[in-house]
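Here's a quick walk through one protein chain. Have a look at the structure first, then read on.

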Amino acid sequence: MKHLFVSQMAPLSRQYLRLRLGIIVILALAVGAAAPIASAQATFKLLHSFQGPPSDGTQPSAGLYRSGSGRLFGTTVSGGQFFNLGAAFSLTTTGTESLLHSFAGGSDGDDPYAGLIADSVGNLYGASSGVQEGMCGNVFKIDAALTLTVLHQFLGGTTDGCGAFGGLVRDSAGNFYGATAAGGAFGAGTVYKIDATNSFSILYSFGATAIDATNPNGGLVRDSGGNLFGSSTTTGNNQASCGNVFKIDATGKETIVHRFGAKDGCLPQSLALDATGKLYGAAQSGPGSSRDTIFTIGPTGVLSGLHVFVGATEGKRPNGSLVRDAAGVIYGTTQQGGVLGRGTAYKIDIHGAVTVLHNFAGGAKDGDTPMSGVLRDSAGNLYGTTYLGGPADGGTVYELTQ
């Protein structure tokens, strides 16, 4: 795993990087009360093993986007044709990969930890973090001709964001929204908007008070009323805090939806939102809690613990975005744990009962350390990435068939 540094980012965002990549010391995981585990494995298929430079990316950290034709799109934080600064790729249903763009650093960006989204004509959009060069990253577009256009270059400081680790969300008018882990008026991160004319504005700067959310750690979700929801790893200047789920309304007003504590888990991950306004997310063991959990938060802000993971059998450190099917079943991944210790893919029913779909084994034929959650198609097949594993140990794209 390569060394990361961020010279222009606040210490809290460097802490975020350590949390994101799993190179902090993990506290002992309490078993807690959990629903019985089921052991119905899905069929695992390795679609692609990343080989690294000069012809391939390596170490995918984000999830995948799937087009109507079934083609998969994603990013890697390393590899590519130039300076090992990451790549954007596509993958056919038969596993044939095309390298769409190799990041070159500077204004081109590097280390895209966020995944890709697409518009109605097939343009791809994403964000790069800038961490390897000590820069602040950018928001970019890749068109059908594979030309990359920078929509915004983050500069940090008090008037701009820095460290775009989370993905983008786009509304029907063509406006993009995202979060940065640092920068802004108080140096603790921002929520930003890029409108259809590429005009950039900061909707909210974190860290205004000692109890404010700080260092948002992923992408945002947006409800039908234009409210944005996200999560943070810390509160104010307290790096031992468990983090928050927050809401930013259309006027830029922030509301803390929930503060995490010992019973909830810590370090809430990227969120999912259903049609009723209920939020779903994962929280990890951390400074203030020894639990790894799946939680729900209703429209009134009340948190309910849906499941507490048993690390040795179900997995540790649930991470990445969750997906939910029409029956209310939730699908996701854990970064560590499970019977082989290299992470799991799982599903949880509406009663909190967990089924482990796959125990990642690492090595040449399996993935290792899934960091991104899963994507689910209309047939119920699941697709995801692992940060490591495969013949070159550069990570994988996989399919799970139930």
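## A strand pair and its sheet

In this predicted model, strands β25 (residues 279-283) and β26 (residues 293-297) run antiparallel and are joined by 5 bridges. One spot to look at is Gly 281, whose bridge partner in β26 is Phe 295.

Zoom out a little, and the pair turns out to sit in an open sheet of 4 strands. The order is β24-β25-β26-β27, and the pairing is antiparallel. Which strands are at the edges? β24 (272-273) and β27 (303-308) are, as each pairs on one side only.

## Aromatic rings

The structure holds 16 aromatic pairs. Take Phe 82 and Phe 83: their ring centres are 6.3 Å apart, with 35° between the planes. That makes the pair tilted, because only planes under 30 degrees apart count as stacked and only those over 60 as edge-to-face.

Are these two rings buried or exposed? Phe 82 has 48% relative accessibility, so it counts as partly exposed. Phe 83 comes in at 56%, so it counts as exposed. The cut-off for exposed is over 50%.

Elsewhere, Phe 44, Phe 360 and Tyr 398 form one aromatic cluster.

## The chain overall

Strands are the main thing to trace here: the chain has 36 of them, along with 2 helices. Of its 402 residues, 60% are buried. Among contacts with a separation of 6 or more, 46% come from residues 24 or more positions apart.

As for the surface, the chain exposes about 14,600 Å², and carbon and sulfur atoms supply 53% of that area.

How values were computed
Residues are numbered from 1 along each chain as its sequence is written. This is a predicted model: local features need pLDDT of at least 70, side-chain atom pairs count only at pLDDT 80 or more; totals for chains, interfaces and linings use all residues. Side-chain values use heavy atoms; hydrogens and water are left out. Buried means under 20% relative accessible area, exposed over 50%, partly exposed in between (1.4 Å probe, protein chains only). Contact means heavy atoms within 4.5 Å. Accessible areas come from the Shrake-Rupley method with a 1.4 Å probe; for residues, only the protein chains shown count as cover. Two strands pair if DSSP finds at least two bridges between them. Rings of Phe, Tyr and Trp (its six-membered ring) pair if their centres lie within 6.5 Å; planes under 30 degrees apart count as stacked, over 60 as edge-to-face and the rest as tilted.
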